[in-house]
Structures are given as C-alpha cells and as structure tokens.
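Student: Please take me through the structure shown here, one point at a time.

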Amino acid sequence: QVQLVESGGGLVQPGGSLRLSCAASGTILGTKDMGWYRQAPGKQRDLVATITSGGGTSYADSVKGRFTISRDNGKNTVYLQMNRAKPEDTAVYYCNAGVVTTGARYLEVWGQGTLVTVSS
C-alpha cells in the first residue's frame, strides 16, 4: 500500500509564510514527478507547482515568485514554501506523486489534502 501524508496547513495572515510537507510511504522504490494542487470552495482543483525527480520545477502564474516547491528524494518528500500569502491562496492543498512500487508498478497517488486559510 502506498500513501501520501501531508502536513503543515493552517491559518496564516496575509503576507505571511507557511510550509507544506508531503511524504510518500509504503512499499515504494522511489518517486517520479511530484506536485501540489489546490481547490478553493466551489472551484475546480488547479495545479500549483510541480517538480521532477531531477529537480525541474514549474509554477502556476498566480504563485510564481511567491511559492517554492522542493523535494528530498531520500525521504520521498515534497515541500511547498508559501511566502507573501494572499487571501486568494485559501484552499485545500493536495499533494500528488508518481510512485514506483517494489512490485515495479507505477502509481499516481493523491494525498488527503490539507487546509490553508489566509486571513487576518
């Protein structure tokens, strides 16, 4: 069984910072592309940022220059550093990863989501 466990969500003031973490666990050999998505109330789930196993990154225009995605391949963990948070960043943030299992299968896995609220 493979799962992604997110942590780090919560309440942050506008202009503040927050760091999300997502760790893959289970019968895995490693992870491929990893990313963060978010879903605000009443809206669709949108891509926030992705990172390849080699460290290549991409960002949604709305977060460029404010958010940074990074990863620790040894820990099968991806991070999202959120700086200069805005109220419109309020959403449930979901981690996504391509995982290679010990059975040589490739799975796309989602985390359970963590709520980020930007408010004074």
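Student: How many bridges join β5 to strand β6 (residues 57-59)?

Tutor: This is a predicted model, in which local features need pLDDT of at least 70, side-chain atom pairs count only at pLDDT 80 or more, and totals for chains, interfaces and linings use all residues. Residues are numbered from 1 along each chain as its sequence is written, and side-chain values use heavy atoms, with hydrogens and water left out. Strands here are DSSP runs of E with at least two residues, numbered from the N terminus, and two strands pair if DSSP finds at least two bridges between them. β5 and β6 run antiparallel, and the number of bridges that join them is three.

Student: Which residue of β6 is the bridge partner of A49?

Tutor: A49 belongs to the antiparallel pairing of β5 with β6 (residues 57-59). Its bridge partner in β6 is Y59.

Student: Which residue takes a positive phi in the hairpin of β5 and β6?

Tutor: Five residues lie between the strands of this hairpin. The positive phi is near 100°, and the residue that takes it is G55.

Student: Over how many bridges do β4 and β5 pair?

Tutor: The bridge between Q39 and R45 belongs to this pairing, with R45 in β5. The hairpin of β4 and β5 has five residues between the strands, and G42 there takes a positive phi near 75°. The sense of the pairing is antiparallel, and the number of bridges is six.

Student: Over the ring of which residue does the charged end of R45 sit?

Tutor: R45 is also the bridge partner of Q39. A charge sits over a ring if NZ of Lys or CZ of Arg is within 6 Å of the ring centre and within 35 degrees of the ring normal. The charged end of R45 is 3.6 Å from the centre of the ring in question, which belongs to Y94.

Student: In which order do the four strands of the open sheet stand?

Tutor: The pairing in this sheet is antiparallel. The order of its four strands is β1-β3-β8-β7.

Student: Why is one side of β1 and of β7 left without a neighbour in the sheet?

Tutor: β1 covers residues 2-7 and β7 covers residues 67-72. Both stand at the edges, so one side of each has no neighbour, the reason being that each has a single partner strand.

Student: Which residue of β3 is the bridge partner of V5?

Tutor: β1 and strand β3 (residues 18-26) pair in the antiparallel sense over six bridges. Along this pairing, S7 stands opposite S21 in β3. The bridge partner of V5 in β3 is A23.

Student: Which residue of β8 is the bridge partner of A23?

Tutor: A23 has V5 as a bridge partner, and it also has a partner in β8. Strand β8 (residues 77-82) runs antiparallel to β3, to which six bridges join it. The bridge partner of A23 in β8 is T77.

Student: At what distance from the ring centre of Y79 does R19 lie?

Tutor: R19 falls in β3, residues 18-26, and Y79 falls in β8, residues 77-82. R19 lies over the face of Y79, and the distance from the ring centre is 4.0 Å.

Student: Which residue of β10 stands opposite N96?

Tutor: Five bridges join strand β9 (residues 91-101) to strand β10 (residues 106-110), and the two run antiparallel. The residue of β10 opposite N96 is W110.

Student: Which residue takes a positive phi in the hairpin of β9 and β10?

Tutor: This hairpin has four residues between the strands. The positive phi is near 65°, and the residue that takes it is A104.
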